[in-house]
Amino acid sequence: MAPDFELPKTMRALVIDETGAPEVLHLAERPLPRQVSDEVLVKVIAAGLNPIDAKTRAGWGVAAAISSYPAILGNDFSGVVVRAAFEASPLQPGDAVYGMARVPRTDGSFAEYVSVSGMSVARKPARLSHTEAAAVPIAALTAWGMVKLGGAAPGVRMLVHAASGGVGHFAVQFARVLGAHVTATGSTRNLDFLRELGADEVIDYTTTRFEDVAHDLDSVIDLIGNVHDNTGTRSLAVLRPGGVLVNAPTGSWPTMAADAAAAGRRATGFKVSADARALDEISALLDAGTVRVHVDAVFELADGAAAHRLIEEGHTRGKIVLRVS
């Protein structure tokens, strides 16, 4: 077993003392997280920012489960193991890793150290920098699960909404890797980007109603729901009988089950799990260059409020990352 790193007693963290606007985020000194059970302690180099982080900070998302303040948010991270879970653990001090925390059950990754279950952390893809790797876990695991649930395979015709975003840009690539024919929706500025990702067809949602040109599809990866222009409900019309819609944004379409039943179509929500085995599969695709991650912007940890404001604008291409240490 490699020797443990010498560790400080406190760490710098981006915290909230209450939910609210981005301005509630501020830097503070916090104790290092304590390891329990199979957890590994990781020095965080970079942390990915996801919509769920902004929703939770605002009082939505998983904010109801925050048991005490100050709270450290942030799920995605890339960094270096500083304490192993046990002597013969596969991950030892010095190993470069990435994964996702389970906020708010544990403190999050917007801090210099995070302690996470060994089942939710994997070796970092060698091809990626820590900044790039931090942009992967939640978005890629969500996309991986959704396109598989949508039946991505040769001959399957799949529509991906919000295809240039964090989850969407992975969903397009994974669906293509699995052999599906992919139609992607995006804004005018992102159409070439979507083609570069491998989309077979692109639809500019600013000029074209997707239901006017897409028909008899096997599945829809819905990353919008009904929060914008009833995208979810309209998507049911492009499915063939027996087709399935997979929706991810929690609360984005409360009437989904009833609407799908009325239309004679199938629909299901999806919630991501921290899964090191799936991350290993994704890592292989990233290291082979078969799939790539796009980082739209990088902020210092102290500028977390600005990063939150940017993601709330809803026009991010790929991911936003915080540089932690």
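Helices here are DSSP runs of at least four residues, numbered from the N terminus, and the exercises below apply this to a predicted model.

**Exercise 1.** Determine how Phe170 and Phe174 are placed relative to each other in helix H4 and how their rings are arranged.

*Solution.* Begin with the helix: Phe170 and Phe174 are four residues apart in helix H4, so about one helical turn separates them. Turn next to the rings, whose centres lie 5.8 Å apart with 15° between the planes; because planes under 30 degrees apart count as stacked, this aromatic pair is stacked. Finally, consider burial: both Phe170 and Phe174 are buried.

**Exercise 2.** Classify the ring pair of Trp144 and Phe174, and work out which helices the pair ties together.

*Solution.* The ring centres of Trp144 and Phe174 are 5.0 Å apart and the planes stand at 80°, so the pair is edge-to-face. Trp144 belongs to helix H3 whereas Phe174 belongs to helix H4 (residues 166-177), and the pair therefore ties together parts that are 30 residues apart in sequence. With a relative accessible area of 10%, Trp144 is buried, and Phe174, at 0%, is buried as well. Ring pairs thus link Trp144, Phe170 and Phe174 into a cluster.

**Exercise 3.** Identify the residues with the most contacts inside the largest nonpolar core, and the helix that gives this core its largest share.

*Solution.* The largest nonpolar core has 49 residues, and those with the most contacts inside it are Val136, Phe170, Phe174 and Ile282. Its largest share, eight residues, comes from helix H3 (residues 137-149). Apart from this core lies another, of 42 residues, including Val42 and Ile320.

Conventions: Residues numbered from 1 in each chain as written. Predicted model: local features only at pLDDT ≥ 70, side-chain atom pairs only at ≥ 80, totals over all residues. Heavy atoms only, no water. Core = buried A, V, L, I, M, F, W, Y, C linked by side-chain atoms within 4.5 Å. Buried < 20%, exposed > 50% of the residue type's maximum accessible area, 1.4 Å probe, protein only. Helix = DSSP H or I, 4+ residues; strand = E, 2+ residues; numbered from the N terminus. Phe/Tyr/Trp six-rings, centres within 6.5 Å; stacked < 30°, edge-to-face > 60°.
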